[in-house]
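Colleague: Please pick one short stretch of this model, look at it closely, and then set it against the rest of the chain. I would like the cut-offs stated as you go.

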Amino acid sequence: MAQTLDVVELILEDHRRMEDLFRLMRSVEADRAAALREFSGLLIAHALAEEAKVYPALKRYKKIDDDEVEHGEEEHEEGNKALLELLEVDEVGSEEWDEKLEELVQAVTHHADEEERTILNGARENVAMERREELGEAFIEERERHLKADCGAIDNVRKIVGS
């Protein structure tokens, strides 16, 4: 995959990776616990980086709806809660695991679909590529900082959901 700094493309790449990880978490042949660990870190780091570096910048553009951006933040909270519920399931692959996984899939895919149709299309249409690349650099840096801090660890997810 060609390396891009366009924040829109970077966010889309994360969304596609999350979909891949959902497939692995559903597969009895995969290391579902490892897929969940990777997913947990990616989801938390992705959302925190969007909220810190991308959403505030996009709110400055008149043609990008502030309500959609705020709604995106609310949906991050829903996804984080669903993630925590899955992380707290004792047995990977149990009936409870499958149920909580589907709740997580539903929350995250709903958010990603909405974000792609509203916020990201708005960014494509209204934000110059140079600015999107600046935002992309900031997004990557922030996301990596959170990933290095093991942001997807269950105790950290509990703190985020509790706050």
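**The loop around Asp150**

Modeller: Asp150 lies in the loop between helix H5 (129-148) and helix H6 (154-162), where helices (H or I, at least four residues) and strands (E, at least two) are DSSP runs numbered from the N terminus. The model is a predicted one, in which local features need pLDDT of at least 70 and side-chain atom pairs count only at pLDDT 80 or more, while totals for chains, interfaces and linings use all residues. Residues are numbered from 1 along each chain as its sequence is written, and side-chain values use heavy atoms, with hydrogens and water left out.

The backbone of Asp150 has phi near 55°, a positive value in a residue that is not glycine. Asp150 is also partly exposed, its relative accessible area being 48%; here buried means under 20%, exposed over 50%, and partly exposed in between, with a 1.4 Å probe and protein chains only. For the protein as a whole, 44% of the 163 residues count as buried.

Stepping back from the loop, the elements run α-α-α-α-α-α from the N terminus on, that is, six helices and zero strands. The radius of gyration is 16 Å, close to the 15 Å that the globule rule gives for 163 residues, so the protein is as compact as a globular protein of that length; the radius is taken over C-alpha atoms, and the rule is 2.2 Å times the number of residues to the power 0.38.

As for the interior, the largest nonpolar core has 25 residues, of which Phe22, Met25, Phe39, Leu83 and Leu104 touch the most other members; such a core is a set of buried Ala, Val, Leu, Ile, Met, Phe, Trp, Tyr and Cys residues joined through side-chain atoms within 4.5 Å. Helix H1 (7-26), helix H2 (32-58), helix H3 (66-87) and helix H4 (95-126) each supply at least two residues of this core, and H2 gives the most, with seven. Leaving aside residues up to four places away in sequence, Leu104 touches Phe22, Phe39, Leu43, Gly79, Ala82, Leu83 and Leu86, a contact being heavy atoms within 4.5 Å. A second, separate core has 17 residues, among them Val8, Leu10, Leu12 and Ala123. Of the contacts between residues at least 6 apart in sequence, 77% join residues at least 24 apart.
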